[in-house]
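Trainee: I would like to go through this structure slowly with you, one question at a time. Could you give the reasoning before each answer?

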Amino acid sequence: MPKNKYRNAFFFFMLDWKKRAEARGKTFPNGMKDVQADQDCNKEWQNLTKQQKGLYEAMAKKDKVLAQGAPDKKTTLGESIKMLEEKEKEGERSMKEMEENIKITIDMAVNLNILPKIKFCFMHVNWFFATIVDNRVEYFPAEYALGVFSLENGIEDVHQVIVSSKIPLGYRREALETSQSGHQIPVEHEGGETDFTVMYAKLINFLEPRKLVNKFPPIYTLQSDIGPVQSLLAKLCDAAEQDVEQFKIYELETLFIHVAKEAYKARNDRQIKYIPAYAYHVFTRYTYIFETGFECPFHKYVERGSEYCSKSKLHQWAWTMCDEFCLPLGVKMQEGVHCPVKRDVAGLTNALINLNVEDNYQPAPESSTILSMTGVSEQHKWKASSRTYQDEIRRRHQSTPIAVIDYSAMGDTTDVPANESDNESLDKSGNISFDERRRRRNLMHYLNERRVQSSADSYADACASATVEDLIPNDCENFPPIGGRGVSCRANRVTKKAPLGRGSILLSKFMI
């Protein structure tokens, strides 16, 4: 690999000496070779002091550093500082060019007294998601609108498109969240455009009649929307293989500043020195965001569509400009053109105040009403089911309270046989026999009845229903298996648990 060549101090001295010699009329047909062979040049170099030679040595040192390729410094995000500086300088040049072009346009219109007739192109873009490509933010468009505006006629024409192109892989979730929180345009909407080449052709056809000296007019948008507009135009030009430099994007706030400097001369409520600050504030007001009737066909039936629709945004910007400049420039304001149509709020309020509601309802006769499937009319149902507050309180007081009967406190009256002459169910002591108690308990269980039992009854019933296997402790319960032989046999056995409820404690004591 060849070494980087750099020039020494004598070379820079020869360049300086050559300029001074040519100024005296001396020529050098062979260029630097004749300068290097000239005796006067060599003699003057040798007679230079060390301090005089230091200037040329510094120039040679700087050239050496550049020739060796000094490493480019980067930011903490890995961005090239040199590239950022160049980008910043380019932005400053673009801003200066924009200021000069807008100023020339406004000054020319003022001199010719045609400022209200000058047409400007406004553009707004809604987007689905943003991504960073080559240290530049790119926006995927969802909708855009391009309109032609003049102070005399307001928004004259609008070109509006909803983009239905396929969302790239990995960005669908972000696109859905942006849509739900803003413009409400569905992802890959069926009624929109899908081909960016077709979109570019339609955009050119819209701008073609408005060219000035074979150049497209500048496109104005808010400072916060410059990124999405630039990204959209770049995407359209890439799809059509065209140069994006044919479009110039200017700030709408800057246009406001230059128009205000002329229009505010006729207004006493505005101060020219505050125009720049006012220009960046006036478009953030919520004066017209809820004015309906100017949305695109999609946002017309969407909640808060007038706030996010790109077409409606153009009208809001136009109304703001007209509200500030039409009267000072002698333009008569027209509803629906320079401002939204005013609603008669006072008349509506008076109408609501004077509204008189009369109850002239006359129920239809029951014979003429339509019967339901059960043969009962709706009017009869309404009459039968209606109950006043007094009727409801009276009904509650007349209701019978719930009676709770404690059979344990009444003795064994419930166990008396139905036929008292039937003495077969009684034992020698006159009490109900054990078998009779068991039969009656099974009968109550069959009839789904239940009564409060005493401790003696529970104990008797438990003993009556218990078997020998229930009274013998089970090894599986007292000594659970820990594995080994016989586990499967014991696990398959169905064990019966002691009955729950009152009497279970006595039964457990009996089992012990």
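Mentor: Let us begin with a single residue: at 46% relative accessibility, Arg304 counts as partly exposed, because buried means under 20% relative accessible area, exposed over 50%, and partly exposed in between (1.4 Å probe, protein chains only). Please keep in mind that this is a predicted model, in which local features need pLDDT of at least 70 and side-chain atom pairs count only at pLDDT 80 or more, while totals for chains, interfaces and linings use all residues. Residues are numbered from 1 along each chain as its sequence is written, and side-chain values use heavy atoms, with hydrogens and water left out.

Trainee: In which loop does Arg304 lie?

Mentor: Helices (H or I, at least four residues) and strands (E, at least two) are DSSP runs, numbered from the N terminus. Arg304 is not a glycine, although its phi is positive, at about 60°. Its place is the loop between helix H10 (275-282) and helix H11 (305-308).

Trainee: Is Asn113 buried or exposed?

Mentor: Asn113 is found in the loop between H5 and strand S1 (120-133), and it has a positive phi of about 60° although it is not a glycine. Its relative accessibility is 68%, and therefore Asn113 counts as exposed.

Trainee: Which residues gather in a patch of negative charge on the surface?

Mentor: Patches are made of residues with over 30% relative accessible area and no salt bridge, where like charges are joined within 9 Å and nonpolar side chains (Val, Leu, Ile, Met, Phe, Trp, Tyr) within 5 Å. Lys and Arg count as positive and Asp and Glu as negative, whereas His and the chain ends are not counted. One member of the patch, Glu86, is found in helix H5 (residues 81-111) and is partly exposed at 46% relative accessibility. The residues that gather there are Glu85, Glu86, Glu88 and Glu92.

Trainee: How many residues apart are Glu156 and Lys119?

Mentor: Their side chains meet in a salt bridge (3.4 Å, N to O), a term for a side-chain nitrogen of Lys or Arg within 4 Å of a carboxyl oxygen of Asp or Glu. The pair links distant parts of the chain, with Glu156 in strand S3 (residues 154-162) and Lys119 in the loop between H5 and S1, and the separation is 37 residues.

Trainee: Why does the pair of Arg270 and Glu324 tie together parts of the chain?

Mentor: The side chains of Arg270 and Glu324 meet in a salt bridge (3.4 Å, N to O). Arg270 lies in the loop between helix H9 (252-263) and H10, and Glu324 in helix H12 (residues 310-325), so the parts that the pair ties together are apart in sequence by 54 residues.

Trainee: Which residues do salt bridges that share partners join into one network?

Mentor: Within this group, Arg270 is partly exposed at 24% relative accessibility, while Glu324 is buried at 2%. Salt bridges that share partners join five names into one network, which are Arg267, Asp269, Arg270, Arg285 and Glu324.

Trainee: How far from a polar atom of the side chain of His183 does the backbone oxygen of Trp127 lie?

Mentor: His183 is found in the loop between helix H6 (172-181) and helix H7 (196-207), and it is buried, with a relative accessible area of 5%. The backbone oxygen of Trp127 lies from a polar atom of the His183 side chain at a distance of 3.2 Å.

Terms used
Accessible areas come from the Shrake-Rupley method with a 1.4 Å probe; for residues, only the protein chains shown count as cover. The place of a charge is taken as NZ of Lys, CZ of Arg, CG of Asp or CD of Glu. A polar contact is a pair of N or O atoms within 3.5 Å; within protein, one must be able to donate a hydrogen and the other to accept it, and residues adjacent in sequence count only if both atoms are side-chain atoms.
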